[in-house]
Amino acid sequence: MNKTERQLAIILELQRTNVVKAEDLAKKLETSVRTIYRDVQALSEAGVPIIGATGFGYSLVEGYFLPPVNFTVEEAVSFQAKRSLNSPLFPQNKNKKQSTFFFS
């Protein structure tokens, strides 16, 4: 799980439950407590209203929600095309810089 996926998972978990301890998030996301602290700090700096108290855990400010993501048809097709290129049929060389494709 990369950093972005982990931070999204943290937000979704905080939306699902009232209060979550860093230890519980770390166990659920299979990472260290220190990584959870860094991710929560990054989310707070990005504007996500997270409340935290030592010994109690983290929660979101009441009323905060992560809005759904809406793609245009062109964005969805581009996204799916990129995902297809990352499939097992197109193995990536981890040592080479990946090319970026633009669809018009």
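**Salt bridges and surface features of the predicted model**

In this predicted model, D39 is buried, and R6 is buried as well. The side chains of these two residues, D39 and R6, meet in a salt bridge, with a distance of 2.4 Å from N to O. The contact joins distant parts of the chain, since D39 lies in helix α3 (residues 33-45) and R6 in helix α1 (residues 3-16), the two residues being 33 residues apart. This pair belongs to a set of three salt bridges that a search of the whole structure finds.

A further salt bridge is formed between the side chains of E13 and R16, for which the N to O distance is 2.8 Å. Both residues are in helix α1, and because they are three residues apart there, about one helical turn separates E13 from R16. The two partners fall into opposite classes of accessibility: E13, with a relative accessible area of 11%, is buried because this value is under 20%, whereas R16, with a relative accessible area of 56%, is exposed because this value is over 50%.

E13 also takes part in a salt bridge with K28, in which the closest N and O atoms are 3.3 Å apart. This pair, too, links distant parts of the chain, with K28 placed in helix α2 (residues 22-29) and E13 in helix α1, at a separation of 15 residues. Through these contacts, E13, R16 and K28 are linked in a network of salt bridges.

Nonpolar side chains are also found at the surface, where L8, L12 and L66 form a patch with about 220 Å² of accessible area together. Of these residues, L66 is located in the loop between β2 (57-60) and α4 (73-85). With a relative accessibility of 31%, L66 counts as partly exposed, because this value lies between the 20% under which a residue is buried and the 50% over which a residue is exposed. The value for L66 also satisfies the requirement for patch membership, because residues in a patch must have over 30% relative accessible area.

Another loop position, T54, is found between β1 (50-53) and β2. T54 has a relative accessible area of 83% and is therefore classed as exposed, the cut-off for this class being over 50%. Although T54 and K21 are 33 residues apart in sequence, their C-alpha atoms are 9.1 Å apart in space.

Terms used
Residues numbered from 1 in each chain as written. Predicted model: local features only at pLDDT ≥ 70, side-chain atom pairs only at ≥ 80, totals over all residues. Heavy atoms only, no water. Salt bridge = Lys/Arg side-chain N within 4 Å of Asp/Glu carboxyl O. Helix = DSSP H or I, 4+ residues; strand = E, 2+ residues; numbered from the N terminus. Buried < 20%, exposed > 50% of the residue type's maximum accessible area, 1.4 Å probe, protein only. Patch = residues over 30% accessible without salt bridge, like charges linked within 9 Å, V, L, I, M, F, W, Y side chains within 5 Å. Areas by Shrake-Rupley, 256 points an atom, 1.4 Å probe, with all protein chains shown as cover.
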